[in-house]
Amino acid sequence: MVVTRSMAARRASLAHALPHDMAVEVAGRVAATSPRPVHDLQSLRASCRAMRAACGDRAVGRRVALEREAAAMLWSDSERYLAVVGSLAGAGNPEACFLSGVALVFAHRCVRPGAELLGQAAAAGHKVAAYVLALVLYKAGGASDVATRHIRQVEGEAAEADDGGGDVVVSGCNKKIAT
């Protein structure tokens, strides 16, 4: 089938007629269900301006299934993977926040920013992040009530005194944590 200019213009006008929140929902479903979410989102972004704007929405980045992207990448492409993780952590993706937080706390010994990322992941329901954050907070010697709340989250209990802010109180960056 040959695509004429009028057919292409009609397709483009249909994409522009789609409300932004609906386009974000479409892109979010692609991000959550695709076997290669980053590649498919790039293709979707290239389709038109409306989809470019929708794919750039933080809500879409939060829904990217990072484990699927990791499985689709070559083992030797670690720089690209780390760039994807960093970008998704900036969008608030729970898995990316967890991975970045763990790297900051344990590899770089920078507790405060790592604990903040772990807190974002825990607030989004990431139970492993909540557990690791609780351990980090207990080890740092502060905020035992916040640590207890995260342990309760892991155990499935409702947080009794949820301050809603997800604030993490840790003093000092580069604080050593013995494991």
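Which residues does V30 touch, not counting residues up to four places away in sequence? They are D40, L41 and L44. This is a predicted model, so please hear everything that follows as computed from that model.

Let me stay with V30 for a moment. V30 sits in helix α2, residues 20-33. Its relative accessible area is 23%, which puts V30 in the partly exposed class, since buried means under 20%. One of its contacts, L44, is 14 residues along the chain from V30, and their C-alpha atoms are separated by 9.0 Å.

Now the chain as a whole. The secondary structure comes to 11 helices and 0 strands. Reading along the sequence, you meet one α after another, in the pattern α-α-α-α-α-α-α-α-α-α-α. The protein chain has 179 residues, and 34% of them are buried. If you take the contacts with a separation of 6 or more, 57% are between residues 24 or more positions apart.

L66 is an example of a buried residue. L66 belongs to helix α6, and its relative accessible area is 2%. Setting aside neighbours within four places in sequence, L66 is in contact with Y81, V84, V85, L88, E95, A96 and L99. There is also a pairing to look at with N93: 27 residues separate L66 and N93 in sequence, while C-alpha to C-alpha they are 8.6 Å apart in space.

A96, on that contact list, brings us to α8, where A96 is one of the buried residues. The others are C97, F98, S100, G101 and V105. What do the buried residues of α8 pack against? They pack against α6 (66-72), α7 (78-91), α9 and α10. As for length, α8 has 14 residues, which should span 20 Å at 1.5 Å a residue, and the end C-alpha atoms are 19 Å apart, so the two agree.

Between α8 and α9 there is a loop, and R109 is in it. R109 is not a glycine, but it has a positive phi of about 60 degrees. With a relative accessible area of 33%, R109 is partly exposed.

Most of my remaining time goes to α10. Helix α10 covers residues 127-140, and its 14 residues reach 20 Å from first C-alpha to last, close to the 20 Å expected. Its buried residues are A129, A130, V132, L133, A134, V136 and L137. Among the elements covering them are α8 (94-107), α9 (111-123) and α11 (144-155). After α10 comes G141, with a positive phi near 85 degrees.

I will take those three helices in turn. Two packed helices are described by the angle between their axes and the distance between the axes.

Start with α8. The angle between α8 and α10 is about 20 degrees, with the axes 10 Å apart. That makes the two helices roughly parallel, because angles under 35 degrees count as such. The crossing of α8 and α10 is left-handed. On the α8 side you find F98, V102, V105 and F106, and they meet V128, A129, V132 and V136 in α10. The residues of this contact divide into 8 nonpolar, no polar and no charged.

Next, α9. Its axis and that of α10 come within 8 Å and cross at roughly 145 degrees. This crossing is left-handed too. From α9 the participants are V111, A115, L118, G119, A121 and A122, and from α10 they are A129, A130, V132, L133 and V136. Here the division is 10 nonpolar, 1 polar and no charged.

Finally, α11. How far apart are the axes of α10 and α11, and at what angle do the helices pack? The axes are 8 Å apart and the angle is about 155 degrees, so α10 and α11 are roughly antiparallel to each other. Their crossing is left-handed. From α10, the contact uses K127, A130, Y131, L133, A134, L137 and Y138; from α11, it uses S144, V146, A147, T148, H150, I151, Q153 and V154. These residues divide into 10 nonpolar, 4 polar and 1 charged.

To recap α10: its contact with α8 has no polar and no charged residues, the contact with α9 has 1 polar, and the contact with α11 has 4 polar and 1 charged. That is the end of the talk.

Definitions and conventions:
Residues numbered from 1 in each chain as written. Predicted model: local features only at pLDDT ≥ 70, side-chain atom pairs only at ≥ 80, totals over all residues. Heavy atoms only, no water. Helix = DSSP H or I, 4+ residues; strand = E, 2+ residues; numbered from the N terminus. Expected span 1.5 Å × (residues − 1). Buried < 20%, exposed > 50% of the residue type's maximum accessible area, 1.4 Å probe, protein only. Contact = heavy atoms within 4.5 Å. Axes fitted to C-alpha atoms, helices over the stretch in contact; angles between N-to-C directions. Left-handed = near helix turned anticlockwise from the far one by under 90°. Nonpolar A, V, L, I, M, F, W, Y, C, P; charged D, E, K, R; others polar. Parallel < 35°, antiparallel > 145°, perpendicular 65-115°, else oblique.
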